[in-house]
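Student: I am new to this structure and would like a close look at one part of it. Please begin with a single strand and the loop that follows, and explain each term as it comes up.

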Amino acid sequence: MTLIPKKKFESQTVLEKIADEAISALKCVTSVSTTNVELADSLDFNDSKVLGVAVTAGNIGEKIKIITFGEIKDASFIFTLNEPLYLGNNGLITQAPPAIGFVTTIGHGLGNGAIFININESIEL
């Protein structure tokens, strides 16, 4: 009997939107229209509705790429494996849930160098 190795399943959902403000890569964003995004924020209900994580940076009026589901790899990620990730202030990704405002779980850590995005609805604290 020969065992056949499983293929690694990799899937991402990528969107392209226009920045309504300067947005750095690896920040959470929220929709302000069907075409535009701004930084998400856990302090405001509408801003806590995360669309995804920007994987390219952009200034006002520039197109940026956003991952709404799937794995993102970056050497700067130092998140604990399988622990939840949350939206913080000004689009920050954090493993500490906010104490005030709204909690939005955006995914989980995959250990050093990677995260998995799977966005949930915001919950008011």
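Tutor: What follows starts from one strand and the loop after it, and then moves outwards to the surroundings.

This is a predicted model, in which local features need a pLDDT of at least 70 and side-chain atom pairs count only at pLDDT 80 or more, while totals for chains, interfaces and linings use all residues. Residues are numbered from 1 along each chain as its sequence is written, and side-chain values use heavy atoms, with hydrogens and water left out.

The strand to begin with is S3, residues 36-39; strands (E, at least two residues), like helices (H or I, at least four), are DSSP runs numbered from the N terminus. Two strands are said to pair if DSSP finds at least two bridges between them, and S3 has such a link with strand S1 (residues 12-19), in the parallel sense and over two bridges. Within S3, Val37 is the residue that stands opposite Ala19. With strand S2 (residues 28-31), S3 runs antiparallel, and three bridges join the two; here Glu38 of S3 is the bridge partner of Thr30. S2 and S3 together form a hairpin, with four residues between them. As background, side chains in a regular strand alternate between the two faces of the sheet.

The loop between S1 and S2 holds Leu26, whose phi is near 70 degrees, a positive value in a residue other than glycine. Leu26 counts as partly exposed because its relative accessibility is 21%, where buried means under 20% relative accessible area, exposed means over 50%, and partly exposed lies in between (1.4 Å probe, protein chains only).

On the other side of S3 in sequence, the loop that leads to strand S4 (52-54) contains Ser42. Ser42 is buried because its relative accessible area is 1%. Its contacts, counted as heavy atoms within 4.5 Å and leaving aside neighbours within four places in sequence, are with Ser48, Leu87, Gly88, Asn89, Pro98, Ile100, Gly101 and Phe102. With one of these, Asn89, the side chain of Ser42 makes a polar contact through the side chain, at 3.2 Å. A polar contact is a pair of N or O atoms within 3.5 Å; within protein, one must be able to donate a hydrogen and the other to accept it, and residues adjacent in sequence count only if both atoms are side-chain atoms.

Another loop, between strand S6 (84-87) and strand S7 (93-94), includes Asn90. The phi of Asn90 is near 55 degrees, again a positive value in a residue other than glycine.

Ser48 and Leu87, both touched by Ser42, also appear among the contacts of Thr104, which include Val50, Tyr86 and Ser122, not counting residues up to four places away in sequence. Thr104 has its place in the loop between strand S8 (102-103) and strand S9 (105-109), and counts as buried because its relative accessibility is 0%. Its side chain makes a polar contact with the side chain of Ser122, at 2.8 Å. The C-alpha atoms of Thr104 and Ile93 are separated by 10 Å, although the two residues are eleven apart along the chain.

Ile93 also leads to the nonpolar interior. A nonpolar core is a set of buried Ala, Val, Leu, Ile, Met, Phe, Trp, Tyr and Cys residues joined through side-chain atoms within 4.5 Å. The largest has 14 residues, of which Cys28, Val53, Ile72, Ile93, Ile106 and Ile115 touch the most other members. The elements S5, S6 and S10 each give two or more residues to this core, and S5 gives the most, with three. Beyond its neighbours within four places in sequence, Cys28 is in contact with several residues, among them Glu38, Leu39, Val53, Ile93 and Ile106. Leu39 itself belongs to a second, separate core of eight residues, which also includes Ala54, Ile64 and Ile66.
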